[in-house]
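Visitor: I would like a close look at one part of this protein, the largest pocket. Please describe what lines it, and then set it beside the other parts worth knowing.

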Amino acid sequence: MEIKDTYKTIEAQVQGLFKDKGSKFLSFAYPITSEEEVKDLINHLKKEHHTARHHCYAYRIGNNGEQYRANDDGEPSGTAGRPILGQLLSNELTNILVVVVRYFGGTLLGVSGLINAYKNATAEAISQANVVEKIIEENYFLEFDYPLQNHVSRIIKENQIEIQNASYEINCKLEIKIRLNAEKQVYDSLSQ
């Protein structure tokens with residue numbers, strides 16, 4: 001069984017816009033890797049759009065999106081953060097934050113109207129993004145006797161392994177990156 005060793009994210013920050021009954025929903029999507037980035041980006045948007053009524057968001061972090069959160073920021077429960085998160089899930093995106101900034105237009109949209117607006121604002125931002133597939137790799141440190149160098153080099157070349165650092169002395173030391181679903185095969189080859 002092959003291990004899933006890729007994930008989808010966006011390449012760069014993008015924006016979208018959705019309007020409904022006078023309300024403007026500005027959406028901002030960011031590639032991220034930590035919760036600290038989330039806080040910084042939201043604080044920046046709150047300063048930049050200080051007259052907006054709501055700054056709702058959702059994010060997913062991790063190779064499988066195992067770390068996630070949705071926030072309604074004062075909108076009725078489940079009408080903003082969940083629809084934003086729903087778009088991240090349906091597009092299978094991770095390591096991403098989407099913040100939707102709402103400027104109230106004077107007309108209440110109701111629960112279904114809000115869900116639709118936050119969903120569409122998020123979809124608009126994602127549609128502007130260049131979605132990229134990233135490979136999940138693990139770092140390894142190899143140390144072996146110099147006479148084994150040809151054997152190790154052959155395995156590295158056959159498996160297209162990226163060498164991060166190398167030191168060839170009496171003992172050879174390599175820092176390499178191995179694609180997740182190739183780990184067992186490489187390990188077995190090196191053990192022979």
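Guide: Sorted by class, the residues lining the largest pocket are 10 nonpolar, 3 polar and 2 charged. This is a predicted model, and the pocket's computed volume is about 280 Å³. Of its 15 lining residues, Leu142, Val186, Tyr187, Leu190 and Ser191 are the closest to the centre. Four elements each give two or more residues to this lining: strands E8 (137-145) and E10 (171-179), and helices H4 (149-158) and H5 (183-190).

The second largest pocket has a volume of about 180 Å³. Its lining has 3 nonpolar, 4 polar and 5 charged residues. Among them are Lys4, Lys8, Arg60, Glu92 and Glu133. Strand E1 (residues 6-10) provides the largest share of that lining, with 3 residues.

Next, the interior. The largest nonpolar core has 23 residues, and Phe25 and Tyr118 have the most contacts inside it. Strands E2, E3, E4 and E6 and helices H2 and H3 each supply at least two of the core's residues. Helix H3 (110-128) gives the most, 6 residues. Beyond its neighbours within four places in sequence, Tyr118 is in contact with residues including Phe25, Cys56, Ile84 and Val100. A second, separate core has 15 residues, including Phe28, Ile32, Ile61 and Leu97.

Last, the cysteines. Cys56, one of the residues in contact with Tyr118, has 0% relative accessibility and so counts as buried. Cys172 also counts as buried, because its relative accessibility is 0%. The count of disulfides in the model is 0.

Key. Residues are numbered from 1 along each chain as its sequence is written. This is a predicted model: local features need pLDDT of at least 70, side-chain atom pairs count only at pLDDT 80 or more; totals for chains, interfaces and linings use all residues. Side-chain values use heavy atoms; hydrogens and water are left out. A nonpolar core is a set of buried Ala, Val, Leu, Ile, Met, Phe, Trp, Tyr and Cys residues joined through side-chain atoms within 4.5 Å. Buried means under 20% relative accessible area, exposed over 50%, partly exposed in between (1.4 Å probe, protein chains only). Contact means heavy atoms within 4.5 Å. A disulfide is a pair of cysteine sulfur atoms within 2.5 Å. On a 1 Å grid over the protein atoms alone, a cavity is a set of points where a 1.4 Å probe fits but cannot get out, and a pocket is an open set with protein on both sides within 12 Å along at least five of seven lines; lining residues have an atom within 4 Å of a point. Grid points are joined across faces, edges and corners, and a volume is the space filled by probe spheres set on the points. Ala, Val, Leu, Ile, Met, Phe, Trp, Tyr, Cys and Pro count as nonpolar, Asp, Glu, Lys and Arg as charged, and the others, Gly among them, as polar.
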